[in-house]
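Here is my note on the model, in numbered points. Please read it with the structure open.

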Amino acid sequence: MPDGTAARLDGDVGLELLRSMWRIRVFEERVGELTRADEVHGLVHLSVGQEAVAVGVCGQLRTEDAVYSGHRAHGHAIAKGAPLGRVLAELMGRDGGLCRGLGGSMHLVDVEHGFLGATGVVGGNVPLALGSALAGRLLGGDQVAVVFFGDGAVQGGVFVESVNLATLWALPVILVCENNGFAEFTPRSAHTNVERVSDVVAPYDIERETVDGNDVVAVRDAFARFLAEARQGSGPMLLECLTHRLRGHYEGDPQRYRQALAADEWQELDPILRLERRGVSDGWLEQDAPARLEQDARDEVEAAVLFARESPFPSPDMTAALVYAT
Amino acid sequence: MSENGLPKERLIWMFTQMVRIREFEERVKSTFEEHPGVIRGHTHLADGAEASIVGSLAALRPDDQLTTTYRCHGYPIALGSDTKALMAEIYGRETGICKGYGGSMHLTDVERGFLGTSGIVGQGIPHAAGVAWGAQIRGKGQVVLSFFGDGASKQGAFHETLNIASLWKLPVVFVMENNNYQAYTRVEQEDANAAVGEPLAVKAKAFSMPGVTVDGGDPVAVYETMHAAVERARSGEGPTLVESLVYRLSAHGNIIVPPGVPLHYPEHEAIAIFGNVEEFEAAKRGDPVPRFRAQLVTDGTLSAEEADAIAEAARAEMDEAVEFGLASPLPAPERATDYVYA
Amino acid sequence: MARELPYIAAIGEAVHQEMERDDTVLYFGQNLGLTDDDPYVKAFGGDRVRVTPISETAEIGMAVGAAFAGYRPVVQLYMSEFMLVAMDQVVNEAPRFHAMTAGQVKVPLVLQAGYGFTAGWAGQHTGTIYGMFMGIPGLKVVVPSTAADAKGLMTAAIRDDNPVILFHNYLLTLEHGDVPEGEHVVPIGEAVVRREGSDATIVGIGWTVGKALAAAEQLAGEGVGAEVIDARSLAPLDMATILQSVEKTGRLVVVDQATRHASAAAIIAAEVASEGFATLKAPVELVTALDATVPYSEPMEQYLLPDEAKIVAAVQQVLEAAPVAA
């Protein structure tokens, strides 16, 4: 696939995109290791290979733009500004975690950075984004709401109920679909005979676009256009990002249901490698920069690991105090 | 033979069923005035939708099946269910078609393929798909009709079911009777397509399914549209979304009030809530039953006397249904726990 | 002939055998029957075995409709929480039609739903919600605690002409047990005494039966003979067996993984207080989950749940309690 748009990419922007993607990539791979070592428990869904969408989208948002995600949310949380240490501490069930160990991987929430959260039931997050968009409208500003979901979510009734309502009320919600061709262990063709997610919303005639989700510049440019319109008061929009889930649906998934991507195939698709190749050929990335970027990310992630390991486990009786809001 | 190829007998049959449905529904409505207290709860009438109901059912074979909403009186009447048993059910009598257990919203006649209704908007749509799945397995070419209103198309169940039905090519036709109102709400107030003047049939685009809109006040047009959709389903090509434009001539349902206040039919929402007298008057002028009668008398299919005779027979039939219902006993109270488990 | 099978395989065997025996049995749900090699697809074909999108309302609704039309669908829901998006179909459609139509239709369907996934699956995937479905007229609820019962109750559920929810505890998934090879039916509505004793009755449900047995073993070492009853069926509930036991022992502890007011334990206790008051020598003790959304972090998660120590303490409590006034 061609590398993104032909327009020149500012070198500083390119470096920032790379840093953000490297941060997520190293973090997620480290979480994979920690899961195998039993330091992270429970159900964990990694977004290795899908960094470009999180970074291309969230990097342009303000704190007050509410972001929602599903069960594969680490990358989105980090891209929206959640500190690595607090995310990892949450995955390790520690008191220093974003939710003091109460939520875990599928329930990361960082209100301070406008990451209103990950949810565990497919599609359940979409109406939440409508609520944030409605509130933003009522408050009179130009903040928007963004919700990430996968291709499996759009067959659910709640998705189309939400699209109808958001269109009717012209709510500034940007629906970002990471279409990786699989919903859990089932390919899209077993879910629907409509191949493109953007066709599912065809009846509502909302602004929609399908982009190469492994090209962070393409994602970024398309989202920038949508964001500008949303801030002007347009209604909902759908950005479908075609991507690949490099690992299983969850950590430990034996993945007998699909062919593994060959290593050389992945070299072509990997969003980080693609941007690095472009950076080198465009001249804003030195030859030794990738190794340094990766190392910087590793240092940051190791500091997060240290923070998380040193964070105490929460006291068990904390839960009783949190049943009701006071 | 009419110009559209339907034999005269078929046209007369359609007219007869439309008249019978209208007479039945008028009796239900007048029961509130003439015999207060006999009908309890909520009833929903099909007056105004006769052409759509009859035109749809005319396309079926005897072994086809259907599910509908709680606005369900018209379908079993046209299918040939015993109108005495239907009225008795609405009157809560033990001689009712569901022995008094279901009432107006849950008329059922399994033998005639009328497999049931749901009182919850949209929830009968997946039921129909399940029945169609059974038909697909049996492989005898049976088709299932799923009737629902425009309001149901905003329910998740609609979206989920149409996607699966299209993917599995289930032998089902989805018939959306769009009467422009969802209870007291106008369709443009709640539907993004209607809000911009689009027909609701465009929703079919999301499922790679054909979507077609038809004048639900013209029984022959409905028949032709449904015939094509039913044959498509029967041949294994999958479902169609048919949007049938109707106008209900009564309010959404009777008023439900606390005990002691008589139930009655209020004014149509067009007037009561939106003050749109002209819309309602125009709908009455376009009433499909007299319209079809006039068409058949004009083109010679029926003489005026024959049409009158049909109406007279329908009146007599429905008078008898009322008498039967009123004379029938209520069920014994202890029968209440009879059908908990199969 | 019996041989060892894991609990989850025992359920599968029941489905398979019933599908062989009766070609009106259908099996469908998400992420199953994906290829022609799938054992169900190979055995029964792609008509009777189908994969569905994430569309629980449609899945369960279709099961209702197929049941009207004479089929016996088994819907694999994986997790009981996924029924919640389709509550109308489960509670307000499936169990109502037989009654509303005065018996014209039957709805013989089975919903297979996992529960209690307390392994770090966090707040939305870890609940024990069977209490919500008790007391819905026409709806049956069974909770097997052994592999043999898993097969027997699934078989009974498929053969039952009513809608049945079979709740299977995730923690029991790989528990091996002796499972009869051929036809094996455990009647719905019958509890079973797993261990005899005369000093106190402990009723367990699903996963808590094993905990109750372990507690009974510990108590035996202290000279206390606890009788352990496995409820097996929550609707209909076999109170006769429980009341008979309480008549013998005079003391009752009920152990339930659900939270107190949503528990079957509360209903059992109320029934005993109402029907067996004269036989009680002490107030009934309930050992249930604490009232909180299950937290992600392990120490908190474990803190909430019933365990052997809590059961032992409860039995000691009922043994030492002041006698109930006659």
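1. Start with helix H7 of chain C, residues 207-221. Its buried residues are Trp207(C), Thr208(C), Val209(C), Ala212(C), Ala215(C), Ala216(C) and Leu219(C). An α-helix has 3.6 residues a turn, so residues three or four places apart point the same way. Just after H7(C) comes Gly223(C), with a positive phi of about 85°. Bear in mind throughout that this is a predicted model.

2. Next, Leu304(C). This residue belongs to helix H10 of chain C, which covers residues 298-304. Is Leu304(C) buried or exposed? Its relative accessibility is 1%, and the cut-off for buried is under 20%, so Leu304(C) counts as buried.

3. What does Leu304(C) touch, leaving aside residues up to four places away in sequence? Within chain C, the partners are Thr288(C), Ala289(C), Leu290(C), Ala292(C), Thr293(C), Val294(C), Pro295(C) and Lys310(C). Chain A adds Thr319(A). For a distance to check, take Leu304(C) and Ser263(C): they lie 41 residues apart in sequence, and their C-alpha atoms are 14 Å apart in space.

4. Chain C as a whole has 11 helices and 14 strands. Its radius of gyration is 20 Å, close to the 20 Å that the globule rule gives for 326 residues, so chain C is as compact as a globular protein of that length. The C-alpha trace spans about 60 × 45 × 40 Å along its principal axes.

5. Burial and contacts in chain C come next. Of the 326 residues, 63% are buried. Take the contacts in chain C between residues at least 6 apart in sequence: 80% of these join residues at least 24 apart. The exposed area of chain C is about 10900 Å², with carbon and sulfur atoms supplying 52% of it.

6. Chain B deserves the same reading. Its secondary structure consists of 13 helices and 8 strands. The radius of gyration is 20 Å, close to the 20 Å expected from the globule rule for 342 residues, so chain B is as compact as a globular protein of that length. Along the principal axes, the C-alpha trace of chain B spans about 55 × 50 × 45 Å.

7. In chain B, 58% of the 342 residues are buried. For contacts in chain B with a separation of 6 or more, residues 24 or more positions apart account for 74%. Chain B exposes about 12500 Å², and carbon and sulfur atoms supply 54% of that area.

8. Now the cavities. How many of 30 Å³ or more does a search of the whole structure find? The search finds 7. The largest has a volume of about 320 Å³. It is lined by 25 residues, and the closest to its centre are His71(A), Arg72(A), Phe149(A), Gly150(A) and Asp151(A).

9. Which elements give two or more residues to the lining of the largest cavity? They are strand E3 (145-150) and strand E5 (182-183) of chain A. E3(A) gives the most, with 3 residues. By class, this lining has 8 nonpolar, 12 polar and 5 charged residues.

10. The second largest cavity has a volume of about 50 Å³. Its lining draws on chains A and C. Glu39(A), Val40(A), His41(A), Leu91(A), Met92(A), Gly93(A) and Phe313(A) are on the chain A side, and Tyr296(C), Ser297(C) and Glu298(C) come from chain C. The lining divides into 5 nonpolar, 3 polar and 2 charged residues.

11. One pocket should also be inspected. The second largest pocket has a volume of about 500 Å³. Of its 37 lining residues, Thr69(B), Tyr70(B), Arg71(B), Gly149(B) and His252(B) are the closest to its centre.

12. Which elements of chain B each supply at least two residues of the lining of the second largest pocket? Strand E1 (65-68), helix H5 (124-138), strand E3 (144-149) and strand E5 (181-182) do. E3(B) gives the most, with 4 residues. The lining of this pocket divides into 16 nonpolar, 16 polar and 5 charged residues.

Technical notes
Residues are numbered from 1 along each chain as its sequence is written. Chains are lettered from A and ligands numbered from 1 in the order in which they are written. This is a predicted model: local features need pLDDT of at least 70, side-chain atom pairs count only at pLDDT 80 or more; totals for chains, interfaces and linings use all residues. Side-chain values use heavy atoms; hydrogens and water are left out. On a 1 Å grid over the protein atoms alone, a cavity is a set of points where a 1.4 Å probe fits but cannot get out, and a pocket is an open set with protein on both sides within 12 Å along at least five of seven lines; lining residues have an atom within 4 Å of a point. Grid points are joined across faces, edges and corners, and a volume is the space filled by probe spheres set on the points. Ala, Val, Leu, Ile, Met, Phe, Trp, Tyr, Cys and Pro count as nonpolar, Asp, Glu, Lys and Arg as charged, and the others, Gly among them, as polar. The radius of gyration is taken over C-alpha atoms; the globule rule is 2.2 Å times the number of residues to the power 0.38. Buried means under 20% relative accessible area, exposed over 50%, partly exposed in between (1.4 Å probe, protein chains only). Contact means heavy atoms within 4.5 Å. Accessible areas come from the Shrake-Rupley method with a 1.4 Å probe; for residues, only the protein chains shown count as cover.
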